[in-house]
Amino acid sequence: AEMEDLLSDYATVEKAEELRKSLPDVAPADLAKCLDIIARTCKCYSTSPDIKEIREATSKKESELEMNRNRMDLGLTKPDGTFESLSSVGLRNLMTTSKDEATRKAAYEGLRTIGPFVCENGFVDIIKMRNKLAKKLGFEDYYDYKVTNAEG
């Protein structure tokens, strides 16, 4: 929270930009680059109260989904009808390495339960909230926001 508070304080952006503009021509290029990075990074976090509210609500919803997903009873139903708990990695490994077609199919079916589970537990709402955030920040959608912030 402390780091996010620092990054979201627009005064940090202003100070970095002020220092950047005041650098003499003989200043090391690394210093100028560092100040540019600070300003750019902080601009990603600096927001108005309504945008901060959306960001916090989205983070809360993402955390809830993550906790629910971690508690999901994931695994496969074996050909004999018994259920074996496995992680998504374990299911993927079985899908690619088992010599038994029925086991591979059961692993595949187990993995397929993740999509509906996350959709029923808030993922669609998260997408809507992320896109709302991005549009308020002037981007087309969340993808545009993330790519622009990552690549410039």
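Helices here are DSSP runs of H or I with at least four residues, numbered from the N terminus. With that in hand, the largest pocket of this predicted model is easy to introduce: α9 gives the largest share of its lining, 5 residues.

The pocket itself has a volume of about 280 Å³. Its lining is made up of 14 residues, and the ones nearest the centre are Y45, R55, Y142, Y145 and K146. Besides α9 (142–151), the helices α3 (29–45), α4 (49–71) and α8 (123–136) each put at least two residues into the lining. As for chemistry, the lining of the largest pocket splits into 6 nonpolar, 5 charged and 3 polar residues.

Now for another part of the model, helix α6. This helix covers residues 101–112, and its 12 residues should span 16 Å at 1.5 Å a residue; the end C-alpha atoms do sit 16 Å apart, so the expected span and the model agree. Which residues of α6 are buried? They are T103, A106, A107, G110 and L111. Looking down the axis of α6, these buried residues keep within an arc of 140 degrees, which means that they line one face of the helix. Over on the other side of α6, E101 and K105 are exposed.

And what do the buried residues of α6 pack against? Their partners are the strand β1 (75–77) along with two helices, α5 (88–97) and α7 (114–120).

Conventions: Residues numbered from 1 in each chain as written. Predicted model: local features only at pLDDT ≥ 70, side-chain atom pairs only at ≥ 80, totals over all residues. Heavy atoms only, no water. Expected span 1.5 Å × (residues − 1). Buried < 20%, exposed > 50% of the residue type's maximum accessible area, 1.4 Å probe, protein only. Arc of directions from axis to C-beta. Contact = heavy atoms within 4.5 Å. 1 Å grid on protein atoms, 1.4 Å probe; cavity = no way out; pocket = protein on both sides within 12 Å on 5 of 7 lines; lining within 4 Å. Points joined across faces, edges and corners; volume = space filled by probe spheres on them. Nonpolar A, V, L, I, M, F, W, Y, C, P; charged D, E, K, R; others polar.
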